[in-house]
Amino acid sequence: MAFVPATAAASATLFLSVLSPARSAGACVCLQPRKPFSAPLHAAKGPNSAPVVLESKAKGKKKKGSGAGNLDGALDVEIREAQEYLDSDEQEPVPDNFPFEIVDENGMSVVILRRDYKDEKIEVTVSMPNLEGGPEFDDEDGEGDDESSAKDDEEAEEDDESAGDSSISLKVVVSKDSGPKLEFACTAFREEITIDDMLIVEKTDDDGEEKFPYEGPEFTELPVNVQKGLFKYLEQRGVTLSATNYMHDYMVTKQAQEYIRWMTKLKDFVKQ
């Protein structure tokens, strides 16, 4: 595994959570405090961002498109093909020393991982995988001509090339019996984990008064050795590539299960 340091000028942003104060010469600065991260989170994508990463050689899975028709027929096709995918899917075994309890509730879009570590409680909220275009399953209708088949082959090659871009977003909360909590926003790809941001969340009394506590620099603006140390800190608490790659496969399966459940609800509703 290789460590890739972040540049001092880089800044990571979160799709749902973090807004940095404005910084421009002569401009009025309106403080907007960062809020604790809410799940599900999405991968931060800053043009100059160079977050800390760990690398591996894991590979992704690929699924192709499905057929269509009238509403009832289209729903039947989607449900059937998703179920066929599940029936053929080989769930990866739980990796050795996987330290978390998995809390998976039907109908929910996230899974919660929990564990105790020394005097700390670790909770990881894992989102559905970020897949281009959503869940797609093999089309076995046999429709189409040679031209469309060639196009499908070309798209399949593109899917293979982009499989490594699939990711899951994590919110990692480290807490003790008293005092503040550490919250990390992470993105786990097949070949790397990034830390997109980190907050120290203080316990405060809700007296109705708006406050603007100092929240520290963006994660990618921290000294490289501090970034390395925080990555090691998470790794010691179970946030490793073996764990996140297992959860990636787990969440791909869950996404198919929830897709079937949702499509079945829709089918039942429109038939009433």
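Start by selecting Glu258 and Arg261: their side chains meet in a salt bridge, with 2.8 Å from N to O. Keep in mind as you click around that this is a predicted model. Both residues sit in helix H4, three residues apart, which is about one turn of the helix. Now colour the two by accessibility. Glu258 comes out as buried because its relative accessibility is 13%, under the 20% cut-off. Arg261, at 28% relative accessible area, is partly exposed.

Next, add Asp104 and Lys254 to that selection. Together with Glu258 and Arg261, they are linked in a network of salt bridges. How many salt bridges does a search of the whole structure find? The count is ten, so there are others to visit, and two of them come next.

**Second stop: Glu120 and Arg237**

Show Glu120 and Arg237 as sticks. They form a salt bridge too, and their closest N and O atoms are 2.7 Å apart. Glu120 belongs to strand S4, while Arg237 is in the loop between helix H3 (224-236) and H4, so this pair ties together parts that lie 117 residues apart in sequence. Are these two buried or exposed? Glu120 has a relative accessibility of 6% and counts as buried; Arg237, at 7%, counts as buried as well.

**Third stop: Asp116 and Lys121**

Now pick Asp116 and Lys121, whose side chains meet in a salt bridge at 3.4 Å, N to O. Turn on the surface here. Asp116 counts as exposed, because its relative accessibility of 53% is over the 50% cut-off. Lys121 is at 48% and counts as partly exposed.

**Last stop: the cavity**

Hide the sticks and go inside. The structure holds one cavity of 30 Å³ or more, and the space in the largest cavity is about 60 Å³. To see its lining, select Phe98, Phe100, Leu113, Val124, Val126, Leu170, Gly238, Val239, Thr240, Ala243, Thr244 and Met247.

Which elements each supply at least two residues of that lining? Strand S4 (120-127) and helix H4 (241-271) do. H4 gives the largest share, three residues. You have met both elements already: S4 holds Glu120 from the second stop, and H4 holds Glu258 and Arg261 from the opening.

Finally, colour the lining by residue class. You should get nine nonpolar residues, three polar ones and no charged ones.

Methods: Residues numbered from 1 in each chain as written. Predicted model: local features only at pLDDT ≥ 70, side-chain atom pairs only at ≥ 80, totals over all residues. Heavy atoms only, no water. 1 Å grid on protein atoms, 1.4 Å probe; cavity = no way out; pocket = protein on both sides within 12 Å on 5 of 7 lines; lining within 4 Å. Points joined across faces, edges and corners; volume = space filled by probe spheres on them. Helix = DSSP H or I, 4+ residues; strand = E, 2+ residues; numbered from the N terminus. Nonpolar A, V, L, I, M, F, W, Y, C, P; charged D, E, K, R; others polar. Salt bridge = Lys/Arg side-chain N within 4 Å of Asp/Glu carboxyl O. Buried < 20%, exposed > 50% of the residue type's maximum accessible area, 1.4 Å probe, protein only.
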